[in-house]
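Got the viewer open and a selection box ready? Let's walk through this one stop by stop, picking residues as we go.

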Number of protein chains: 2
Amino acid sequence: MTSSLAQAVLEGNRLALARTLTQVENDSPEGRDALNALFPYTGHAHLIGVTGAPGTGKSSLVNQLARHYRQSPEGEPQRVAIVAVDPSSPFTGGAILGDRIRMRDLAGDPGVFIRSMASRGSLGGLASATASLVQVFDAAGFDIILIETVGAGQSEVDIVRLAHTTLVIEAPGMGDDIQAIKAGILEIADILVVNKADRPGVENTERALRGMLELAHPLKRSERHHSRLEEITVADTPKSNKEWIPPIQRTVCAASGPGSTQPAGINDLGKLIARHRQHLKESGEWHTRDRDRLQAELMLMVQEALVNRWQSHLTDQTYARIFNDLVSRRISPHQAVVTLINGEIE
Amino acid sequence: MTSSLAQAVLEGNRLALARTLTQVENDSPEGRDALNALFPYTGHAHLIGVTGAPGTGKSSLVNQLARHYRQSPEGEPQRVAIVAVDPSSPFTGGAILGDRIRMRDLAGDPGVFIRSMASRGSLGGLASATASLVQVFDAAGFDIILIETVGAGQSEVDIVRLAHTTLVIEAPGMGDDIQAIKAGILEIADILVVNKADRPGVENTERALRGMLELAHPLKRSERHHSRLEEITVADTPKSNKEWIPPIQRTVCAASGPGSTQPAGINDLGKLIARHRQHLKESGEWHTRDRDRLQAELMLMVQEALVNRWQSHLTDQTYARIFNDLVSRRISPHQAVVTLINGEIE
């Protein structure tokens, strides 16, 4: 049972793809039907999350990676989708400009499709809408899906959980103080990229990252340094030889215009991503991450559905009465919740 | 009907306060009882949100503000609570160290209470736990509650929504590229602070902020510049004379140790905060923000309660069966949600 829209997407129709993405993003009935029909065809794409602070050159790097997969030094060109998510700007649609700049850069290549999303009301909504868009691209036969997010907070963590492979981007000269915030985001990195590596200070940035990695992965540090703890740690972690140690890769992205630098490190980064994919497949983690992703997505959607159903059973008058009791401090928030929820069951 | 724990909090017992905060943060039955009993006593404190990127000196500024309210140049000393929230670090309890440094700085003053929270599983949980802690402090008679968050993403927006007055902190030399992310957070600022104003580049930072403010508030720009649009904009917005134009304040926080700089601008910042409070009271927005805050909090709690109730009605076997159908792509996420939710009603 396939909707005609979904059928057109499966046949490679770009207009149908664009329409489906819009309908899915709007969570319309047409979008839901299409997604139901497309979902059995998902599970093949390699989902790559790319995150890092503003100013690290994420978008240029994502563009270079897209080119890399299109030129594909080994084997045939891969089809690439880019989903750019901007959760840091809840008020303005900042993603639009980025889209236009990209259009110019990768325009006219039918093997590339770019979609950007600005933030919406709730963060949960954003992560689940992103998940749905990724599924459409996956079913449509894109081999590589690059999911790019701005910033370094919980929102990015929620979104990069969608990915098989997560790249965290750094750049020289972003300030030592910024390190504090990175400690958390580092722990989700599969590959660390020092972008803008032609700038001064690249050694310092790389050293700082290595230091933080050693803090985050003390086991690996002890392995590398052959410390006295080696026997203990190896005994404690029999699977340690299967573990992935996040590598650090320097890159330079070409600036446009005359006198610009040549891109560097992109092919090596592509090789690291391929090696990570192989690691995921061999260790069984590819399947684990797929399950975790679907589980997280399912819980978000259940939450949304429960709230929607509750709201549909609640009259405005009932809500207003209880809310006014709360505002005038006659009942506490917890008491208000109990009343509101039990009202649904009656 | 007051729990004995709540009674002790209302009587100013610090040990009872500490215990209540822990119980409330853990959402234990004892914590819920205490919060139900304390809630009628809330609604008096001035909630001040403080946010900004790492490295802007937020914590020092918050400490200086706490001192300011304790020394209170006009009137009697205010009781100050500090709630430091770190949503950027979902994996590590980074808030602990900050606590210790602060203890040293404000230790021994019974009119100051500091509490820090690291992130927990869900973002919603963090914002609603913060809201509950703030209510405990409010009921316990703290006049000023400083809510400090790290970073500049959706998470901070959710948390500063708790506040009456929001300070957004900047510092010179944080890099021009960072401006992009600030556009969103600027729109929630009631007061902009350029901290570390003794550093080079302070003029540039202030100029950049002013430029962004003018972009974010074109009406105010046209008012200041007496542009040709003035008649139109004034006619369109009859309440414009009541509007708050976010001011920019420079500050310097004292470093500890010999040869350190003297703090500057803190008293002026305190005056701006007092003026904003007066604006909120006169415009009726104090009450509006109170309602909005309670509404947001209520919705978060309803969401949590609905999910908990749903989970309690669901057997592990049912969930596992449906989830496996999803993972093997026999059903779509949307179809899984429908089955899971309807299963509850049966």
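## Stop 1: a strand wrapped up on both sides

Select residues 165-170 of chain B, which form strand β5: six of the six residues are buried, so the strand is largely enclosed by the rest of the structure. Keep in mind while you look around that this is a predicted model.

Now show the side chains. In a regular strand they alternate between the two faces of the sheet. Here one side of β5(B) carries B:T165, B:L167 and B:I169, the other carries B:T166, B:V168 and B:E170, and all of these are buried, so both faces are covered.

Which strands pair with β5(B)? Add residues 46-52 of chain B: this is strand β1, parallel to β5(B) and paired with it over four bridges. To find your place along that pairing, pick B:I48, which sits opposite B:T165. Next add strand β6, residues 191-194 of chain B, which also runs parallel to β5(B) and is joined to it by four bridges. There, B:I191 is the bridge partner of B:L167.

## Stop 2: the loop after β6(B)

Carry on from β6 of chain B into the loop that leads to α9 (202-216), and click on B:K196. Buried or exposed? With a relative accessible area of 17%, B:K196 is buried, since the cut-off for that label is under 20%. Put a distance label between the C-alpha atoms of B:K196 and B:V252: you should read 4.9 Å, although 56 residues separate the two along the chain.

While you're in this part of the sequence, select B:C253, buried at a relative accessible area of 15%. In the other chain, A:C253 is buried as well, at 14%. Don't go hunting for sulfur bridges, though: a search of the whole structure turns up zero disulfides over all chains.

## Stop 3: two helices of chain B

Select residues 14-25 of chain B for helix α2. Its twelve residues should span 16 Å at 1.5 Å a residue, and the end C-alpha atoms are 16 Å apart, which agrees. Colour the buried residues of α2(B): B:A16, B:L17, B:T20, B:L21, B:Q23, B:V24 and B:E25. At the start of the helix, a side-chain oxygen of B:N13 comes to within 2.9 Å of the backbone nitrogen of B:L15. Just past the other end, check the backbone of B:D27, where phi is positive at about 55 degrees.

Then move to helix α3, residues 29-38 of chain B, and pick B:A37. At 8% relative accessibility, B:A37 counts as buried. The C-alpha atom of B:A37 is 8.3 Å from that of B:Q7, 30 residues away along the chain. Its neighbour to select is B:N36, also in α3 of chain B and buried at 15% relative accessible area. What does B:N36 touch? Its contacts include A:S332, A:H334 and A:Q335, so show chain A before you move on.## Stop 4: helix α12 of chain A

Select residues 266-283 of chain A. These 18 residues make up helix α12, which should span 26 Å at 1.5 Å a residue; the end C-alpha atoms are 26 Å apart, which agrees. Its buried residues are A:I266, A:L269, A:G270, A:L272, A:I273, A:H276, A:H279 and A:L280. Show what they pack against: β1 (46-52), α4 (58-71), β5 (165-170), β6 (191-194), β7 (248-250) and α13 of chain A. Following α12(A) is A:G284, with a positive phi near 80 degrees.

Step into helix α13, residues 285-312 of chain A, and click on A:R293. This arginine counts as buried at 10% relative accessibility. Leaving aside residues up to four places away in sequence, A:R293 touches A:L47, A:R161, A:L162 and A:H164.

## Stop 5: the nonpolar cores

Last selection: A:L298, A:L340, B:L298 and B:L340. Within the largest nonpolar core, which has 39 residues, these four touch the most other members. The elements giving two or more residues to this core are α13, α14 (316-327) and α15 (333-345) of chain A, along with α13 (285-312), α14 (316-327) and α15 (333-345) of chain B. The largest share, eight residues, comes from α13(A).

Zoom in on A:L340. Not counting residues up to four places away in sequence, A:L340 touches A:W310, A:L314, A:Y319, A:I322, B:L298 and B:V302. Apart from this core lies another, of 34 residues, with B:L35, B:A81, B:V134 and B:L162 among them.

Conventions
Residues are numbered from 1 along each chain as its sequence is written. Chains are lettered from A and ligands numbered from 1 in the order in which they are written. This is a predicted model: local features need pLDDT of at least 70, side-chain atom pairs count only at pLDDT 80 or more; totals for chains, interfaces and linings use all residues. Side-chain values use heavy atoms; hydrogens and water are left out. Buried means under 20% relative accessible area, exposed over 50%, partly exposed in between (1.4 Å probe, protein chains only). Contact means heavy atoms within 4.5 Å. Two strands pair if DSSP finds at least two bridges between them. The expected span of a helix is 1.5 Å times one less than its number of residues. A polar contact is a pair of N or O atoms within 3.5 Å; within protein, one must be able to donate a hydrogen and the other to accept it, and residues adjacent in sequence count only if both atoms are side-chain atoms. A disulfide is a pair of cysteine sulfur atoms within 2.5 Å. A nonpolar core is a set of buried Ala, Val, Leu, Ile, Met, Phe, Trp, Tyr and Cys residues joined through side-chain atoms within 4.5 Å.
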